[in-house]
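I opened the notebook for a walk through this model, element by element. Here is what I looked up, in the order I went.

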Amino acid sequence: MASAALPELAAVPWRQRTDALWLRRWGRIWHAWTLLYTIPFLVAGAAMLALAPIAAPVALVAIAHAWIIPELYAFRGASVVRPKGPRNEGAEATAQGLLGDLLGHEERELQRRTGLAREPGELGTWLVGEAGALLVTPGGRRVHCFCVRAQDPELPPSDRVAHLLLALREDEQGFATVANHAFAGAPWRVRRRMPEGMRPALDAARR
Amino acid sequence: MARLIRMDGTGHTTLAEWTAEDDLAFQAAVREFGDQQGLGYIGTVPDGPGKATHVRELPREADLVIMRRPIAGG
């Protein structure tokens, strides 16, 4: 007997199913939120400089806030795909073999180089890591960052990726619903905060 | 030869193997599948590129069935 819905959805019955409409809405909310906490600091800094140049140090602090806060949010987003947990190197070669069998040739090479498995879906192109995933929406103008992991800390890194990949393939919307949405924003904001070795995966997902 | 494997701390472990004609081996695999479900594992059949199916019973015709742990928002 097969089932189309991800069984883990039973653990989050209160969540609305994450579909393309939900993602667009959340993308806009994140965009508006970014403007809301950036513009007031910029305006305050500029006004202080114009009205009382002696307040320049305070104005610079306000402008720095307008830069730092969005950077922190983007850092939080990029962090979902950072390697996490024990490496379990003894079992990693076996796990890498199984993960390689699940991926096509190009995706396998990309995953070995970057640690991220590229997976095209209906919502966009996914990049699946050990404890999170990035979703590049069609057109490549926005990235959604999701925090999600397999509930077994002993798994080697490639098995963690394989767990998420299989769940994603079972039910894409269900996968996005179970995962915690951490950030949405322009790809360049996420890219600059990703570990350098992972950036080619994001470039590939945008193509 | 069809295989039932479990992703675990060793990379993966082969739990059972069967062929369509070997009823005894398939029944042993069905019992193993049920035991793993009892331990909280979820059965998944990879259906080729981009597709996988969650199964609640062991499909006799599948080539590979993978038992995985549940996922959750981190």
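I began with helix 3 of chain A and listed its buried residues: Ala91(A), Ala95(A), Gln96(A), Leu99(A) and Leu102(A). I call a residue buried if 20 or more other C-beta atoms lie within 10 Å of its own, exposed if 12 or fewer, and partly exposed in between, with C-beta atoms placed from the backbone. Helices (H or I, at least four residues) and strands (E, at least two) are DSSP runs, numbered from the N terminus.

A note on provenance: this is a predicted model, where local features need pLDDT of at least 70 and side-chain atom pairs count only at pLDDT 80 or more, while totals for chains, interfaces and linings use all residues. Residues are numbered from 1 along each chain as its sequence is written, and chains are lettered from A and ligands numbered from 1 in the order in which they are written.

Next I asked what covers the buried residues of helix 3 of chain A. The cover includes helix 4 (105–114) and helix 5 of chain A, together with strand 2 (11–18) and strand 3 (42–46) of chain B. I also checked the length of helix 3: its 14 residues should span 20 Å at 1.5 Å a residue, and its end C-alpha atoms are 20 Å apart, so the two agree. The expected span is 1.5 Å times one less than the number of residues.

**The A–B interface**

I counted 38 residues of chain A in contact with 25 residues of chain B. Contact here means C-beta atoms, placed from the backbone, within 7 Å. On the chain A side, strand 1 (2–3), helix 3 (89–102), strand 2 (117–120), strand 5 (143–150) and helix 5 (157–170) each give two or more residues. Helix 5 of chain A gives the most, with 8 residues.

I also looked at how strand 5 of chain A meets strand 6 (residues 71–73) of chain B: they run antiparallel and are joined by 3 bridges. Strands pair if DSSP finds at least two bridges between them. One bridge partner I noted is Ile71(B), for Ala150(A).

**The core**

Which residues touch the most other members of the largest nonpolar core? Of its 67 residues, they are Leu127(A), Val128(A), Ala133(A), Leu134(A), Phe146(A), Leu164(A) and Leu165(A). Helix 5 of chain A gives the most to this core, with 7 residues. Such a core is a set of buried Ala, Val, Leu, Ile, Met, Phe, Trp, Tyr and Cys residues joined through C-beta atoms within 7 Å. I followed Leu165(A) further: not counting residues up to four places away in sequence, Leu165(A) touches Leu102(A), Ala117(A), Glu119(A) and Val128(A).

**Chain B**

I then turned to chain B, which has 1 helix and 6 strands in the order β-β-α-β-β-β-β. Buried residues make up 35% of its 74 residues.

Strands 3 and 4 of chain B run antiparallel and share 4 bridges. Val45(B) stands opposite Thr53(B) in strand 4 of chain B. Their hairpin has 5 residues between the strands, and there Gly48(B) takes a positive phi near 95°. In strand 4 (residues 52–55) of chain B, I found Ala52(B) and His54(B) on the covered face, with Thr53(B) and Val55(B) on the uncovered one.

**A last stop**

I finished at His31(A), in helix 1 (residues 20–51) of chain A. His31(A) is partly exposed, because 14 other C-beta atoms lie within 10 Å.

Definitions and conventions:
Contact = placed C-beta atoms within 7 Å.
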